[in-house]
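Here is a walk through one protein model, feature by feature. Keep the viewer open and click along as you read.

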Amino acid sequence: MENKAEKDAKIREKLAELRESYEDDSDCDLMTRVALYFYMAHDTKRTLTCLNAAVAYDPEDVRARFLLARTLLKEGRYKDGGKELEIVSDIDSVALASPTWANNNLYYIGYALFKTGRFKEAAEALKGAQHLINIWGNPLTLKKFHLHQGFAWHLENNLSEAAACYRRALIAPGPGDSCDEDIMDEAEVEAAQDFNEEIEPFLIMTQNNERIELSELPEVLPEFP
């Protein structure tokens, strides 16, 4: 029976094109390749259609399910994306323990939990991601990661953990953040220090034993490749 993806003329055309180049790929892998093509073209609707089809072909495929979860989060569907991340983590969490933020399940799980109001679990997931990720590329992505982890702890009134995160955000990229393979542009690193003005007020709040409310915070969003 023809699935929804194969009823779309543009998807069908790209699928036929890629099938010639990757004739040994499974249906799941081919549809995932098509999804990535539409993702790069910023066609989110077709991206999701293709990824849902890929998962239907092989529900145990870690790559397809992770990309589906990540795309759902990008669309602001944090509850749906979080459910997919839980499923894919149950299938193979080791495969998603990536040293790069864009392919790390705990990085995105942390944000999914934060956006659904589960701040303590979000903080713990982001702390776990911190121990796994050492390739950031963009210093601002790294600074925001530490800041957002601080927000999660701060909302839980764990001021000591929040303060530690804010300090790491201020000095990032700092000791333990990166590895030799994490090449950052020096000019970008220097420019990212201007973001410290956004971080410092929250560190001062922890020093003054001041709590925060979610409504007082800037929008907390993950990065996407």
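## Lys127 and its surroundings

Lys127 has a relative accessible area of 32%, so this lysine counts as partly exposed, since that class runs between 20% and 50%. You'll find Lys127 in helix H7, which covers residues 119-132. Keep in mind that this is a predicted model.

Now jump 18 residues along the chain from Lys127 to Phe145: the C-alpha atoms of these two residues are separated by 9.9 Å. Phe145 turns up again below, as a member of an aromatic cluster.

## The overall fold

What does the secondary structure of the protein chain come to? There are 11 helices and zero strands. Reading along the sequence therefore gives α-α-α-α-α-α-α-α-α-α-α, with strands absent from the pattern because the chain has zero of them.

The C-alpha trace spans about 65 × 35 × 30 Å along its principal axes. The protein chain has 225 residues, and 47% of them count as buried.

## Aromatic rings

The model holds 13 aromatic pairs. One of them is Tyr37 with Phe38: the ring centres are 5.0 Å apart and the planes sit at 75°, which is over the 60 degrees needed, so the pair is edge-to-face. These two ring partners fall into separate burial classes. Tyr37 has 40% relative accessibility and so counts as partly exposed. Phe38, at 5%, is under the 20% cut-off and therefore counts as buried.

There's also a cluster linked up by ring pairs. Its members are Phe66, Trp101, Tyr107, Tyr108, Tyr111, Trp136, Phe145 and Phe224.

## Charges over rings

Tyr37 has another partner besides Phe38: the charged end of Lys14 sits over the Tyr37 ring, 4.0 Å from its centre. A second case involves an arginine, with the charged end of Arg33 placed over the ring of Tyr22, 3.7 Å from the ring centre.

## The largest pocket

How much space lies in the largest pocket? About 190 Å³. Its lining is made up of Tyr78, Lys79, Gly82, Lys83, Leu85, Glu86, Ile109, Ala112, Leu113, Thr116 and Arg118.

Helix H5 (78-92) and helix H6 (105-115) each supply at least two of those lining residues. H5 gives the most, with six residues. Sorted by class, the pocket lining has five nonpolar, two polar and four charged residues.

## The cavity

Rolling a probe the size of a water molecule over the atoms shows where empty space is left. Here the count comes to one cavity of 30 Å³ or more, and the largest cavity holds about 30 Å³ of space. Ala35, Leu36, Tyr39, Thr47, Leu51, Leu67, Arg70 and Thr71 line it. The elements giving two or more residues to this lining are helix H2 (27-40), helix H3 (44-57) and helix H4 (62-74).

By class, the cavity lining comes to five nonpolar, two polar and one charged residues.

## Backbone oddities

Want something to check in the backbone? Ala172 and Pro173 are joined by a cis peptide bond, with omega at about -5°. Pro173 is in the loop between helix H9 (159-171) and helix H10 (186-192).

Next come two residues other than glycine with a positive phi. For His42, phi is near 60°. His42 lies in the loop between H2 and H3, and its 68% relative accessibility is over the 50% cut-off, so it counts as exposed. For Asn209, phi is near 55°. Asn209 is placed in the segment after helix H11 (196-207), and at 62% relative accessibility this asparagine likewise counts as exposed.

## Cysteines

A disulfide is a covalent bond between the sulfur atoms of two cysteines. How many disulfides does the model have? The count is zero. Take Cys28, which is in no disulfide: the nearest cysteine sulfur belongs to Cys50 and is 12 Å away, whereas a disulfide would call for sulfur atoms within 2.5 Å.

Is Cys28 buried or exposed? Its relative accessible area is 2%, which is under 20%, so Cys28 is buried.

Definitions and conventions: Residues are numbered from 1 along each chain as its sequence is written. This is a predicted model: local features need pLDDT of at least 70, side-chain atom pairs count only at pLDDT 80 or more; totals for chains, interfaces and linings use all residues. Side-chain values use heavy atoms; hydrogens and water are left out. On a 1 Å grid over the protein atoms alone, a cavity is a set of points where a 1.4 Å probe fits but cannot get out, and a pocket is an open set with protein on both sides within 12 Å along at least five of seven lines; lining residues have an atom within 4 Å of a point. Grid points are joined across faces, edges and corners, and a volume is the space filled by probe spheres set on the points. Helices (H or I, at least four residues) and strands (E, at least two) are DSSP runs, numbered from the N terminus. Ala, Val, Leu, Ile, Met, Phe, Trp, Tyr, Cys and Pro count as nonpolar, Asp, Glu, Lys and Arg as charged, and the others, Gly among them, as polar. Rings of Phe, Tyr and Trp (its six-membered ring) pair if their centres lie within 6.5 Å; planes under 30 degrees apart count as stacked, over 60 as edge-to-face and the rest as tilted. Buried means under 20% relative accessible area, exposed over 50%, partly exposed in between (1.4 Å probe, protein chains only). A charge sits over a ring if NZ of Lys or CZ of Arg is within 6 Å of the ring centre and within 35 degrees of the ring normal.
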